[in-house]
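Here is a short briefing on helix packing and metal sites. Keep the structure open while reading.

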Amino acid sequence: MNNFLSEDAPSRPSPIQLVDDPKARNKASASRPLERGEVILVSASLSLALLPSQKGIRCDFCLALPSKSRKLGKCSGCAAYWYCGPECQKEAWSSHHKKICKTFATYEASPEYSCLADDQKADAVLLSHLIAEIALKSLSSVDSVTDDVPSLSSEPFMFGTFLSLLGHDNHPAPPPVACRPGHNSPSPSELYSRFGRNNFVVHSHLSPIAHGIFPVASRLFNHSCTPNAAAKYIFGRDKPGVRMVVVALRNISHNEEITIPYLDPALPFLERQLSLEQNYGFRCTCHVCSFGSQLARNPNYTGDAPREEDILAIRDTLLNHVGLNLSLPASYVTQALSVVRNMHAMPETLYPLLHKSIIPRISEEFSQASHEGAVDRATDVGHVLLAVYVLVYPPGYPQIGMHALELAKTAYNGVITRTQESSALDNSANEEELLRRAGWYLAIAKHILLIFGPEGDVDSGPLEEAEFLHVLIEEELNNL
Ligand SMILES: [Zn+2]
Ligand SMILES: [Zn+2]
Ligand SMILES: [Zn+2]
């Protein structure tokens, strides 16, 4: 068992300890009780590549959006990389771009590259960056991972850690790359075999923007479909570079394993199983999956997609089960939401809500009603969707907070539209009710989003939006 130090707090004992595990190579567990919202690990990236949709929109090196003081400039060599300033351009050049700049235009225009899907393109460029980095740093003395880890973010350690990660047994051939590997460097195929299992999707405000390799996190954390921690990304804030920050989503007991999700925990059971097996080579046996295998044999779940009246009939059971009761104070409800759910205790009548059609369908209905300004319908449907999220996501999961924020905005916009449309006083009771509802959703949103904390782009994130909406709602309440 050894203790790790997190990069930002070298003087404090690490919250993580590695223990031997008969199934995985080893697993990270809490070396002491951890609090909800606590930072468990800060780790630098080994390599990054923007998604094609973000090219020219963000800095290729630090992923930041341009600002008034930092405009994006194109690399004059390849006209295919953009940087937010000379520092990023210089860092990128010495790190990998020097090896790629000349060949990139031809590479990008090649049929082998152009035919790839966007995700595969990001992986192909990521692999090219990694090969270039290894070649440029001539890491002949790549450290192997030992039990004594001097610093989690030192480069030799990260390359060593990356190479120590388990490869995929039946991995597909590597995508075309933009540069040749250096002497003594592992082959593209050898490097690529570690991709599927170990790449992360870097997101800003929960929207994907890039693919990245964060070997330390890959090495430390196993997957769970009901994780107690999750990764967020920090860039363009106080320090240069892109860092992954792993945050505790709920209180974690001493010696409890720390897990993160490798995929969206809201995906239906069979899709999760298939994706984890294909991409990561293991069968998940977490609490939710053991429930899932029982569910997969239950006709309430395997039957046809539930109809609208079926959902309506179980709506109250759902709301009671997850504790999403609008007549209770939001502070009381947030307490209920932080309890880890025993899936086996779910009433069987609710099983149809786990049908794969439910989340896409209710989300679509919610967006459509919000878009059309049908506020009552939107808040009703949105409330059911919030309850389904509480059912399928683990406590503290940021998507629950994001949706609660959407609901708060919908309710608030409804108040404003009604006030503008009608000067009649008979509507004021409705307005007040809707405004209080907006405040209720907002309190839940803030509670959950604050656990995850600031992430991604500096401006106009969900936390800033929530603060802004809070002021607007308070103003309206004072006007009543
Ligand atoms: Zn930059
Ligand atoms: Zn260039
Ligand atoms: Zn699972």
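Helix 8 and helix 9 are oblique to each other, because their axes cross at roughly 120° and an angle between 115 and 145 degrees counts as oblique. The model is predicted. A second helix pair, helix 13 and helix 14, and three zinc sites follow below.

**Helix 8 and helix 9**

- Helix 8 spans residues 269–280 and helix 9 spans residues 287–295.
- Their axes come within 10 Å.
- The crossing of this pair is left-handed.
- On the helix 8 side, F269, R272 and Q273 make the contact. They meet V288, C289, G292 and S293 of helix 9.
- By class, three of these contact residues are nonpolar, three are polar and one is charged.

**Helix 13 and helix 14**

- Helix 13 (residues 358–372) packs against helix 14 (residues 375–392) with the axes 9 Å apart.
- The angle is about 150°, so the two helices are roughly antiparallel.
- Helix 13 passes helix 14 in a left-handed crossing.
- Helix 13 contributes I358, I359, I362, S363, E365, F366, A369 and S370 to the contact.
- Helix 14 contributes R377, A378, V381, G382, V384, L385, V388, Y389 and V392.
- The contact holds twelve nonpolar, three polar and two charged residues.

**Zinc ion (ligand 1)**

- C59, C62, C84 and C88 coordinate the zinc ion (ligand 1) through their SG atoms, at 2.3 Å.
- The angles among the four donor atoms are 105 to 116°, so the arrangement is tetrahedral.
- The donor spacing in sequence is C-x2-C-x21-C-x3-C.

**Zinc ion (ligand 2)**

- The donors of the zinc ion (ligand 2) are C75 (SG), C78 (SG), H97 (NE2) and C101 (SG). They lie 2.0 to 2.4 Å from the ion.
- Angles of 102 to 121° make this arrangement tetrahedral.
- The donors are spaced C-x2-C-x18-H-x3-C.
- C75 sits in the loop between strand 6 (73–74) and strand 7 (82–83), and H97 in helix 1 (residues 86–109), so the pair ties together parts 22 residues apart in sequence.

**Zinc ion (ligand 3)**

- C225, C284, C286 and C289 supply SG donors to the zinc ion (ligand 3), at 2.2 to 2.3 Å.
- The site is tetrahedral, with angles of 102 to 115° among the four donor atoms.
- The spacing reads C-x58-C-x1-C-x2-C.
- C289 is a donor here and also takes part in the contact of helix 9 with helix 8.

Methods:
Residues numbered from 1 in each chain as written. Chains lettered and ligands numbered in written order. Predicted model: local features only at pLDDT ≥ 70, side-chain atom pairs only at ≥ 80, totals over all residues. Heavy atoms only, no water. Axes fitted to C-alpha atoms, helices over the stretch in contact; angles between N-to-C directions. Helix = DSSP H or I, 4+ residues; strand = E, 2+ residues; numbered from the N terminus. Parallel < 35°, antiparallel > 145°, perpendicular 65-115°, else oblique. Left-handed = near helix turned anticlockwise from the far one by under 90°. Contact = heavy atoms within 4.5 Å. Nonpolar A, V, L, I, M, F, W, Y, C, P; charged D, E, K, R; others polar. Donors = N, O, S within 2.8 Å, 3.2 Å for Na, K, Ca; no water. Tetrahedral: all angles 85-135°; square planar, octahedral: opposite > 155°, others 65-115°.
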